[in-house]
Amino acid sequence: MIATGSEVTPFPGIDIDEERIVSSTGALKLKEVPKKMLIIGAGVIGVELGSVWSRLGSERICQKQGLKLSVKDGKTEDLEVDVLLVCVGRKPYTHNIGLEELGIEKDDKGRVPVNSRFQTVIPNIYAIGDCIHGPMLAHKAEDEAIIAAEGMLGGPVHIDYNCVPSVIYTHPEVAWVGKTEEDLKSEGEKKTDRLLGAHIIGPGAGELINEATLAMEYGASCEDIARVCHAHPTVSEAFREANIAAWSGKAINC
């Protein structure tokens with residue numbers, strides 16, 4: 001099974017030394033809190049690490065998509081910072097691991113193509129995780145590994161990527177699973193009581209999203225969730241309240 005994961009995407013012209021110019025890996029090993037940090041990349045990793053170092057005491061977090069900052073007169077501005085964090089994404093770690101020698105070709109993003117059973121073009125070689133299609137998430141890779149192994153032994157192989165939750169570990173946390181309202185409108189989705197997606201912002205969002213994921217995996221409706229007794233007072237009952245409101249038009253405790 002190919003499970004080589006992913007690696008940091010390099011930024012042209014910048015050499016990472018993991019001391020002053022760091023990747024997301026080096027940013028977790030800094031020996032002291034930098035007074036000023038410049039972050040190149042405003043994706044999930046950049047937002048998360050920017051949030052962490054800001055809370056730890058960094059005086060200013062500058063988050064930019066590029067190095068040159070234009071001012072009104074057309075000139076560029078030099079910034080003095082203690083640490084430069086480069087986090088412009090990750091890419092599959094699939095180079096120089098012998099795939100070509102085996103006849104396994106990669107797609108245009110460096111991923112290993114697989115079928116619904118996670119088999120490559122060579123049936124007895126499987127691939128899972130960051131090196132194949134789908135979101136680069138540890139829990140997604142873990143599920144794929146379990147399911148692929150069960151499939152090797154003749155078991156059923158099924159994974160619904162629409163039911164793979166995502167979490168941004170900022171303060172507050174942001175979590176989501178399933179479709180957005182915009183997605184459903186563009187797809188012409190008809191009115192239904194079935195839970196098709198959930199988006200949560202707040203403390204513990206990463207924990208709360210798992211209840212929504214479970215409900216979606218088993219095709220639950222808002223009424224199904226609303227009728228399940230939740231302990232009071234807890235954060236999780238907020239999810240029930242939201243479903244009560246969606247089902248009946250009015251929550252109980254608000």
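**Exercise 1. How much area does the protein chain expose, and what percentage of it do carbon and sulfur atoms supply?**

Before the solution, some ground rules: this is a predicted model, where local features need pLDDT of at least 70, side-chain atom pairs count only at pLDDT 80 or more, and totals for chains, interfaces and linings use all residues. Residues are numbered from 1 along each chain as its sequence is written, and side-chain values use heavy atoms, with hydrogens and water left out.

Step 1: take the accessible area from the Shrake-Rupley method with a 1.4 Å probe. Step 2: read off about 15500 Å² for the protein chain, with 53% supplied by carbon and sulfur atoms.

**Exercise 2. Work out the layout of the sheet holding E7, E8 and E9.**

Step 1: strands are DSSP runs of E, at least two residues, and helices are runs of H or I, at least four, both numbered from the N terminus. Two strands pair if DSSP finds at least two bridges between them.

Step 2: the sheet is open, ordered E7-E8-E9, with antiparallel pairing. E7 (166-168) and E9 (197-202) sit at the edges with a single partner strand each, so one side of each has no neighbour in the sheet.

Step 3: zoom in on E7 and E8 (residues 173-178), joined by three bridges. Ser166 faces Trp176 in E8.

**Exercise 3. Classify Met152 as buried, partly exposed or exposed.**

Step 1: buried means under 20% relative accessible area and exposed over 50%, with partly exposed in between (1.4 Å probe, protein chains only).

Step 2: Met152, in helix H4 (residues 138-152), has 40% relative accessibility, so call it partly exposed.
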